[in-house]
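Colleague: Got a minute to walk me through this one? I'd like to go through the fold piece by piece.

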Amino acid sequence: MEVERAETAAAAGGSSAEMAVDNAAGPAAVEKPRFDALMPSEMSGGRPQFRKVPVPQHRFAPLKRCWMEIYTPVYEHMKVDIRMNIKARRVELKTRKDTPDVSNLQKCADFVHAFMLGFDIADAVALLRLDDLYVDSFEIKDVKTLRGEHLSRAIGRLSGKGGKTKYAIENSTRTRIVIADTKIHILGSFVNIKVARDSLCSLILGSPAGKVYSKLRAVSARLAERY
């Protein structure tokens, strides 16, 4: 009897061990499902995405003059539909079935918006080609409350004689600056925008141009060493 019990226990132990091995091998043996990558047009349920960029009154004439220069890179290179809605006074953008990347729509919207702010086409088109470019905007009153002749002199300090100061800041920080009345727009990378903004704020607060130039030289040298 004891021998029969031992044999039965051994058989039971062997079968349980086999079951454990089967269970351990089971999940690994099941092949994981493989899904094809979604097309950009399928990411939003197959519905096209839209962006609308309002057109200020004073940018209608430049937009009409440069329309083909805006249309060509957006439609042909970025594969995004673009049209001008004259009634609503805005530029409308829409993804297509052959749009290679969903982010192209936002890049095109940023490009058109930069042109509306006053940047040249040649400068704004860099937003389509590079990923780490941004547009930063602020007003003179955000830095210091100025009125009348004080405000006019501050704007004059920002531009310099014949735009000399503005060009010096642009070239040393690798940015592009638009001064539209009391609003200032800067196009560039995050670090370069910060350097340019600090220089412009110093000029608004009353620093002479010579002092700002010397600071710019030091900062530009540091940036050149870092990169």
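Colleague: What is the order of the strands in the open sheet of three strands?

Modeller: Keep in mind that this is a predicted model. S1 and S2 stand at the edges with a single partner strand each, so one side of each has no neighbour in the sheet. The pairing is antiparallel, and the order is S1-S3-S2.

Colleague: And what does the twist average from one strand to the next?

Modeller: We're still in the open sheet of three strands, with its antiparallel pairing. From one strand to the next, the twist averages 20°.

Colleague: Over how many bridges do S2 and S3 pair?

Modeller: Two of the pairs are easy to pick out: Ile 82 is opposite Leu 93 in S3, and Asp 81 has Lys 94 as its bridge partner in S3. The two strands form a hairpin with four residues between them. S2 and S3 pair in the antiparallel sense, and the number of bridges is six.

Colleague: Which residue in the turn of that S2 and S3 hairpin has a positive phi?

Modeller: Some background helps here: most residues other than glycine have a negative phi. In this turn, though, there is a phi of about 60°, and the residue that has it is Arg 89.

Colleague: Next, helix H3. Which of its residues are buried?

Modeller: Buried means under 20% relative accessible area. H3 covers residues 67–77. Its buried residues span an arc of only 90° around the axis, which puts them on the same side of H3. They are Ile 70, Pro 73 and Val 74.

Colleague: What do the buried residues of H3 pack against?

Modeller: Two strands are on the list, S2 (80–85) and S3 (90–95). H3 lies across both S2 and S3, at about 150° to S2. The helices that the buried residues pack against are H2 (60–65), H4 (103–117), H5 (121–124) and H6 (126–129).

Colleague: Which residue with a positive phi follows H3?

Modeller: The phi in question is near 60°. The residue that follows H3 with that value is Lys 79.

Colleague: How does H4 run relative to S1?

Modeller: H4 lies across S1, S2 and S3. Angles under 35 degrees count as roughly parallel. The angle of H4 to S1 is about 5°.

Colleague: Moving along the chain, how many residues of S6 are buried?

Modeller: S6 spans residues 183–188 and is mostly covered. It has a partner in S4 (residues 134–139), antiparallel over six bridges, and Glu 139 stands opposite Lys 183 in S6. Of the six residues of S6, the number buried is five.

Colleague: What is the bridge partner of Val 178 in S6?

Modeller: Val 178 brings us to S5 (residues 176–180), which pairs with S6 in the antiparallel sense over five bridges. The hairpin of S5 and S6 has two residues between the strands. In S6, Val 178 has as its bridge partner His 185.

Colleague: Is Asp 181 buried or exposed?

Modeller: Asp 181 lies in the loop between S5 and S6. Its phi is positive, about 60°, although Asp 181 is not a glycine. The cut-off for exposed is over 50%. With a relative accessible area of 59%, Asp 181 is exposed.

Colleague: How about Arg 174, buried or exposed?

Modeller: Arg 174 sits in the loop between H9 and S5. Its phi is near 55°, a positive value in a residue other than glycine. Its relative accessibility is 68%, so Arg 174 counts as exposed.

Colleague: At what angle do H8 and H9 pack?

Modeller: H8 covers residues 149–159 and H9 residues 164–173, and their axes are 4 Å apart. The angle makes H8 oblique to H9. Its value is about 50°.

Colleague: Which residues in H9 meet Arg 157, Leu 158 and Ser 159 in H8?

Modeller: By class, the contact of H8 with H9 has one nonpolar, two polar and three charged residues. On the H9 side, the residues are Lys 164, Thr 165 and Lys 166.

Colleague: To finish, what percentage of the residues of the protein count as buried?

Modeller: The protein has eleven helices and six strands. Among contacts with a separation of 6 or more, 58% join residues 24 or more positions apart. Of the 227 residues, the buried share is 32%.

Technical notes: Residues numbered from 1 in each chain as written. Predicted model: local features only at pLDDT ≥ 70, side-chain atom pairs only at ≥ 80, totals over all residues. Heavy atoms only, no water. Buried < 20%, exposed > 50% of the residue type's maximum accessible area, 1.4 Å probe, protein only. Arc of directions from axis to C-beta. Contact = heavy atoms within 4.5 Å. Pairing = 2+ DSSP bridges. Axes fitted to C-alpha atoms, helices over the stretch in contact; angles between N-to-C directions. Parallel < 35°, antiparallel > 145°, perpendicular 65-115°, else oblique. Nonpolar A, V, L, I, M, F, W, Y, C, P; charged D, E, K, R; others polar.
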